Amino acid sequence: MTTAVTVALAVPAGWAVWTLAEYLLHRFAMHHLHGRGIMSREHLEHHVTSGWSFDRNHVLSWTGMLLVGGVVWAPLGWVLVSPLAGVTVAAGWAFGYFFYEYQHAVAHLRAPRTRYQRLVRRHHFHHHFGAPMRNHGVTIPFWDHVFGTHEAPDRVRVPRRLALPWLVDADGEVRPAFAADYVLVGAAEPTERLLTLDRARAFASVAPAD
Ligand SMILES: [Zn+2]
Ligand SMILES: [Zn+2]
């Protein structure tokens with residue numbers, strides 16, 4: 001295989017393998033484990049508040065995923081095809097992983113700027129607020145369709161207390177640009193009981209109450 005063909009095939013292959021890992025890790029290693037192990041616990045904490053902020057656990061997972069690329073995918077591609085295929089398949093994997101981290105973070109922090117980002121948010125926030133055992137893919141819904149876990153409501157129901165910062169205006173109402181995609185439910189100020197319930201439901205992978 002020429003260099004160009006190897007790169008043109010191996011990078012998308014590594015990326016595709018990442019998207020399957022993204023789906024399987026999110027579904028099984030994060031939600032099915034109900035908080036057992038650091039990966040599951042950190043992810044379910046993310047579901048408790050639906051916020052996103054950088055912490056040192058991100059560095060841990062970045063290192064872990066780069067290691068998987070270097071220790072698993074690079075040698076496999078190297079042995080099965082060629083040294084260049086090994087390096088480029090690992091690069092595709094790493095690119096897919098960082099693309100996921102970026103899209104997930106900005107989905108929580110910023111309003112969508114493209115049709116793709118609008119789709120990512122609708123898909124992911126229905127996972128957060130409507131059906132945590134559905135829509136496990138973050139960057140693409142493909143594997144949810146393959147494994148029968150895809151769900152797309154007309155409008156995503158968002159508890160007011162958990163509303164994303166970009167979704168609401170100064171009065172706490174859905175910005176007109178997003179009214180076709182999202183509807184707010186429940187009260188803005190949670191009771192102590194509701195906050196306790198949010199944690200319990202997040203760790204049970206059940207949608208938050210209205
Ligand atoms: Zn999220
Ligand atoms: Zn989740």
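Colleague: Glad to look at this with you! Are His-31 and His-43 buried or exposed?

Modeller: This is a predicted model, where local features need pLDDT of at least 70, side-chain atom pairs count only at pLDDT 80 or more, and totals for chains, interfaces and linings use all residues. Residues are numbered from 1 along each chain as its sequence is written, chains are lettered from A and ligands numbered from 1 in the order in which they are written, and side-chain values use heavy atoms, without hydrogens and water. Buried means under 20% relative accessible area, exposed over 50%, and partly exposed in between (1.4 Å probe, protein chains only). By that cut-off, His-31 and His-43 are both buried.

Colleague: Which protein donors does the zinc ion (ligand 2) have?

Modeller: Donors are N, O and S atoms within 2.8 Å of the metal (3.2 Å for Na, K and Ca); water is not among the atoms, so sites may look incomplete. His-31 lies in helix H1 and His-43 in helix H2, so this pair ties together parts 12 residues apart in sequence; helices here are DSSP runs (H or I, at least four residues), numbered from the N terminus. At 2.0 to 2.2 Å from the ion, the protein donors are His-26 (NE2), His-31 (NE2), His-43 (NE2), His-47 (NE2) and His-127 (NE2).

Colleague: And how are the donor residues of the zinc ion (ligand 1) spaced in sequence?

Modeller: Its protein donors are His-46, His-104, His-108, His-124 and His-128, each through NE2 and lying 2.0 to 2.2 Å from the ion. His-46 lies in helix H2 and His-128 in helix H5 (residues 115–129), so the pair ties together parts 82 residues apart in sequence. His-46 counts as buried at 9% relative accessibility, and His-128 is buried at 2%. The spacing is H-x57-H-x3-H-x15-H-x3-H.

Colleague: Turning to H7, which helix do its buried residues pack against?

Modeller: The buried residues of H7 are Leu-194, Asp-198 and Ala-202. Seen down the axis, they fall within an arc of 70 degrees (taken from the directions from the helix axis to the C-beta atoms), so they line one face of the helix. The face turned away from that buried side carries the exposed residues Glu-192, Arg-193 and Thr-196. With contact meaning heavy atoms within 4.5 Å, the buried residues pack against helix H2 (38–49).

Colleague: What residue with a positive phi follows H7?

Modeller: H7 covers residues 192–203, and its end C-alpha atoms are 17 Å apart. With phi near 55 degrees, the residue that follows is Ser-205.

How values were computed:
Helix = DSSP H or I, 4+ residues; strand = E, 2+ residues; numbered from the N terminus. Expected span 1.5 Å × (residues − 1).
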